[in-house]
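Open the model in your viewer and have the selection tool ready. The tour begins at the ligand and then moves outward to the chain.

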Amino acid sequence: MCGIVGAIADRDVVPVLIEGLKRLEYRGYDSSGIAVLHDAGQPDIRRVRRTGRVSEMATAAAAEGFDSVLGIGHTRWATHGGVTEANAHPHISDGVALVHNGIIENHEEQREKLRALGYAFESQTDTEVIAHLMHHHLKGGDSLLGALQRTVKELTGAYALAVISRAEPEHFVCARMGCPLLVGLGEGENFVASDVSAIVSSTRRVIFLEEGDTADVRRDGVQVYGHDDAPVQRDVHLSDVSLASLELGPYRHYMQKEIHEQPRALGDTIEAAIDAGGFPAELFGKDAEAVLSGIEGIQILACGTSYYAGLTARYWIESIAGLPCSVEIASEYRYRAAHANPKHLIVTISQSGETLDTMEALKYAKSLGHTHTLSICNVPESAIPRASELVCYTRAGAEIGVASTKAFTTQLAALFQLTVVLGKLHGHVDAAQEADYLEQLRFLPGSVQHALNMEPQIAAWAERFARKSSALFLGRGLHYPIALEGALKLKEITYIHAEAYPAGELKHGPLALVDEDMPVVVIAPNDSLLEKVKSNMQEVRARGGELFVFTDQDSNFNESEGVHVIRTPRHAGVLSPVVHTIPVQLLAYHTALARGTDVDKPRNLAKSVTVE
Ligand code: M6R
């Protein structure tokens with residue numbers, strides 16, 4: 001969490017910093033700030049910080065006439081210390097200013113040491129110790145870069161850092177360990193940012209810093225140093241993120257845009273399989289066939305919505321590929337004495353590719369002896385795919401709304417392709433079945449588009465949901481994870497308490513919650529479990545509960561008193577969970593609109609969770 005941007009140029013960089021921070025707001029939006037070099041004869045540092053959104057800080061910076069050729073900026077998701085201006089970044093220690101993403105685990109020990117040296121602390125943050133450590137080393141005679149390289153060796157934890165000093169106004173320095181940071185290369189100007197979206201108006205040429213790297217960024221050049229402080233060459237990448245893909249266009253919210261982009265995102269994610277006319281193992285990289293044919297089971301690790309994608313995939317992998325599959329929340333797995341089976345493939349699923357819990361679970365799995373790892377990820381060059389043996393990039397495009405939508409359905413599309421590849425390699429899917437699965441996949445973007453067309457009906461339901469304080473979501477089998485996802489979406493952006501259960505579990509406890517004030521959403525497609533789900537619905541009706549049922553065009557199911565029905569298109573076979581995700585996304589979105597919540601930036605959350 002937290003977003004960093006920095007720039008050095010021949011022009012005023014304040015607009016670059018402000019635009020960059022606005023694009024990074026998805027990483028945290030509790031407070032923001034910038035620090036710039038102010039040179040009126042005598043170089044000094046000026047800083048502005050505000051709680052709340054970047055736009056408020058930008059107004060203050062404009063009012064104070066900020067203008068500079070060198071500066072750094074930060075948008076914060078609070079961890080150490082509350083949401084106050086004093087805790088907002090940049091932090092300053094007498095002429096040196098820095099911004100930080102990550103958590104310094106030994107901050108208390110460093111704080112004591114620095115207090116003994118006479119430093120006073122103005123904030124409750126772990127970051128302020130870094131500013132004072134930098135100052136201490138600069139006072140001892142180090143250059144700005146030397147002070148940074150010495151400082152980071154005294155830190156335990158995770159950081160991405162950018163630092164400016166009034167004593168060295170011709171450059172800034174940065175460092176990375178455990179949090180993403182890239183350097184952007186312009187013409188006579190250079191940048192640093194947490195991700196490329198922050199600087200895409202200025203450049204798309206980037207260097208992804210590696211773990212332990214530091215960098216010296218000047219107007220006319222950049223030098224990167226490895227963890228041993230020796231100069232290193234890092235590859236320059238041309239990012240394919242476009243400015244247009246980051247704009248809201250005709251939509252009111254990014255979440256709305258991203259929901260409606262799903263037919264395109266799915267089309268892009270399945271394009272390689274459609275072009276290949278099947279499911280070659282190479283969809284997962286050139287070494288995939290050797291790796292995937294040798295494994296005997298799958299262990300999926302992920303968090304949040306990505307975990308629900310994994311839960312859905314378990315049904316596919318077990319029934320279609322005929323392999324055992326376990327799915328675990330990454331933050332639980334990493335602290336469990338799990339029994340590793342090196343013949344099992346570790347599959348991590350992450351939209352951002354930088355979720356700390358998932359990354360640490362992957363490292364833990366490797367430490368237990370797992371050698372085969374596959375990352376399903378939406379952000380190229382992010383940390384988790386870089387740490388994995390095989391990679392499959394979903395092609396959802398930038399997802400900016402905090403609530404994950406198109407990332408989820410494209411993860412499902414990727415996991416389905418993985419299932420069929422595994423099924424083929426392990427002799428459970430023959431040529432005819434492969435052709436059939438390809439046909440189902442080909443229809444998927446169209447079916448999702450049909451489901452999107454249900455929006456007006458779903459919006460009408462949302463008006464009623466907006467007045468409720470709790471909701472239950474039910475599903476069975478393949479659609480139980482979709483009920484979980486529906487409940488997560490609703491609570492995340494509407495703050496309505498929502499829970500999901502496998503419908504058969506209702507009678508074992510949650511039925512006690514059901515009364516006329518408790519709306520019960522049921523995902524009830526026309527599959528082999530429909531009759532069972534209908535019985536579970538009767539249990540709800542008998543207790544006065546009101547049912548809101550999403551079913552298929554071809555299911556034998558009608559409205560009745562207290563039972564409202566919306567039909568999505570014809571049953572989409574094994575891919576039905578993808579199609580049934582759309583209505584629960586739309587229900588959450590329209591309920592949030594009706595309640596007037598901040599759809600794209602729900603309270604207390606951030607898009608990218610890089611802390612424990
Ligand atoms: O980037 P990741 O997929 O690893 O993120 C995992 C979760 O933090 C994420 O899915 C979260 O639950 C979303 N906000 C859900 O909408």
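Select serine 404 together with the ligand: a backbone N or O atom of this residue lies 2.8 Å from an oxygen atom of the ligand. That is a polar contact, meaning a pair of N or O atoms within 3.5 Å. The model is a predicted one, in which local features need pLDDT of at least 70 and side-chain atom pairs count only at pLDDT 80 or more, while totals for chains, interfaces and linings use all residues. Residues are numbered from 1 along each chain as its sequence is written, and side-chain values use heavy atoms, with hydrogens and water left out.

Now show the ligand surface. Taken alone, the ligand exposes 410 Å², and the protein buries 90% of that (Shrake-Rupley areas with a 1.4 Å probe).

Next, select threonine 305 and serine 306. A polar backbone atom of threonine 305 is 3.1 Å from an oxygen atom of the ligand. Serine 306 uses its side chain: a polar atom there lies 2.6 Å from a ligand oxygen.

Widen the selection to the shell, that is, residues with a heavy atom within 4 Å of the ligand. There are 15 residues around the ligand, and Ser306, Ser350, Gln351, Thr355 and Glu492 come nearest. Colour the shell by type: five residues are nonpolar, eight polar and two charged. In this count Ala, Val, Leu, Ile, Met, Phe, Trp, Tyr, Cys and Pro are nonpolar, Asp, Glu, Lys and Arg are charged, and the others, Gly among them, are polar.

Colour the chain by domain, with bounds from an automatic or database assignment: domain 1 (3-246), domain 2 (254-451) and domain 3 (455-595). Where does the ligand lie with respect to domain 2 and domain 3? It lies between them, because both give residues to the shell around it. For the overall layout, mark the centres of domain 1 and domain 3, which are 46 Å apart over C-alpha atoms.

Two backbone stops remain. Go to proline 90, in the loop between β4 (70-76) and β5 (91-93); strands here are DSSP runs of E with at least two residues, and helices are runs of H or I with at least four, numbered from the N terminus. The peptide bond from histidine 89 to proline 90 is cis, with omega near -5°. Finish at tyrosine 495, in the loop between α17 and β22 (497-502). Tyrosine 495 is not a glycine, yet has a positive phi of about 65°.

How values were computed: Polar contact = N/O pair within 3.5 Å; in protein donor to acceptor, adjacent residues only side chain to side chain.
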